[in-house]
Amino acid sequence: MKIWVAVLSILGGLAGLTSGFMVTAFGVGFSEDAMADSGAAVFWVSFLSIFFGFLAWKFPKFSGIVLLICAIYGFIANGLFFTIAFIFLFIAGILSFFIKKKQTVPSAA
């Protein structure tokens, strides 16, 4: 399960990086400062989502919440450009809640 969270967060992060770059480039090209700012913010949020996808191996609940927040924020800030990234990050965030921690067996010494 945790491999899928990492893979989905990488795919979502890369799609989000592309989305953030495109929105930033179009915002600068059309002289829309708010559009360029939101695109740049989504670019960095997408970069962080890749990090939190791997962090889900150690802290699954916290990373799941952050991945869901990244997905929702990116979709609000970038709109339809972020749809593919939203799907991947949202699924990764939900799946991270189902990661089971390893239980250590106390050794009888």
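**Entry 1: the nonpolar core**

I began with the largest nonpolar core, which has 14 residues, and noted that Val5, Leu67, Phe82, Leu89 and Ala92 are the ones that touch the most other members. I then asked which helices supply this core, and found that helix H1 (2-29), helix H2 (33-55), H3 and helix H4 (83-96) each contribute at least two residues. H3 gives the most, with 4 residues. I keep in mind throughout that this is a predicted model.

**Entry 2: leucine 67**

I followed one of the core residues outward and listed what leucine 67 touches once residues up to four places away in sequence are set aside: Val5, Ser9, Ser49, Phe52, Gly53, Leu89, Ala92 and Gly93. Val5, Leu89 and Ala92 from this list also appear among the core residues that touch the most other members.

**Entry 3: serine 63**

I turned next to serine 63, which lies in helix H3 (residues 60-78). Is serine 63 buried or exposed? I looked up its relative accessible area, which is 0%, and since buried means under 20%, serine 63 is buried. Leaving aside neighbours within four places in sequence, I found serine 63 in contact with Phe52, Leu55, Ala56 and Ser96. To one of these, phenylalanine 52, there is also a polar link, as the side chain of serine 63 reaches the backbone oxygen of phenylalanine 52 at 3.4 Å.

**Entry 4: phenylalanine 52 and the aromatic pairs**

I counted the aromatic pairs and arrived at 9. In the pair of phenylalanine 43 and tryptophan 44, the ring centres are 5.3 Å apart and the planes stand at 90°, so I recorded the pair as edge-to-face. The angle settles this, because planes over 60 degrees apart count as edge-to-face. As for exposure, phenylalanine 43 is partly exposed, with a relative accessible area of 28%, whereas tryptophan 44 is exposed, at 54%. I also noted that phenylalanine 51 and phenylalanine 52 form an edge-to-face pair, with 5.5 Å from centre to centre and 70° between the planes. Phenylalanine 52 is buried, with a relative accessible area of 13%.

**Entry 5: other rings**

I recorded one aromatic cluster formed by Phe26, Phe30 and Phe81. What sits over the ring of tryptophan 57? I found the charged end of lysine 2 there, 5.7 Å from the centre of that ring.

Terms used:
Residues are numbered from 1 along each chain as its sequence is written. This is a predicted model: local features need pLDDT of at least 70, side-chain atom pairs count only at pLDDT 80 or more; totals for chains, interfaces and linings use all residues. Side-chain values use heavy atoms; hydrogens and water are left out. Rings of Phe, Tyr and Trp (its six-membered ring) pair if their centres lie within 6.5 Å; planes under 30 degrees apart count as stacked, over 60 as edge-to-face and the rest as tilted. Buried means under 20% relative accessible area, exposed over 50%, partly exposed in between (1.4 Å probe, protein chains only). A charge sits over a ring if NZ of Lys or CZ of Arg is within 6 Å of the ring centre and within 35 degrees of the ring normal. A polar contact is a pair of N or O atoms within 3.5 Å; within protein, one must be able to donate a hydrogen and the other to accept it, and residues adjacent in sequence count only if both atoms are side-chain atoms. Contact means heavy atoms within 4.5 Å. A nonpolar core is a set of buried Ala, Val, Leu, Ile, Met, Phe, Trp, Tyr and Cys residues joined through side-chain atoms within 4.5 Å.
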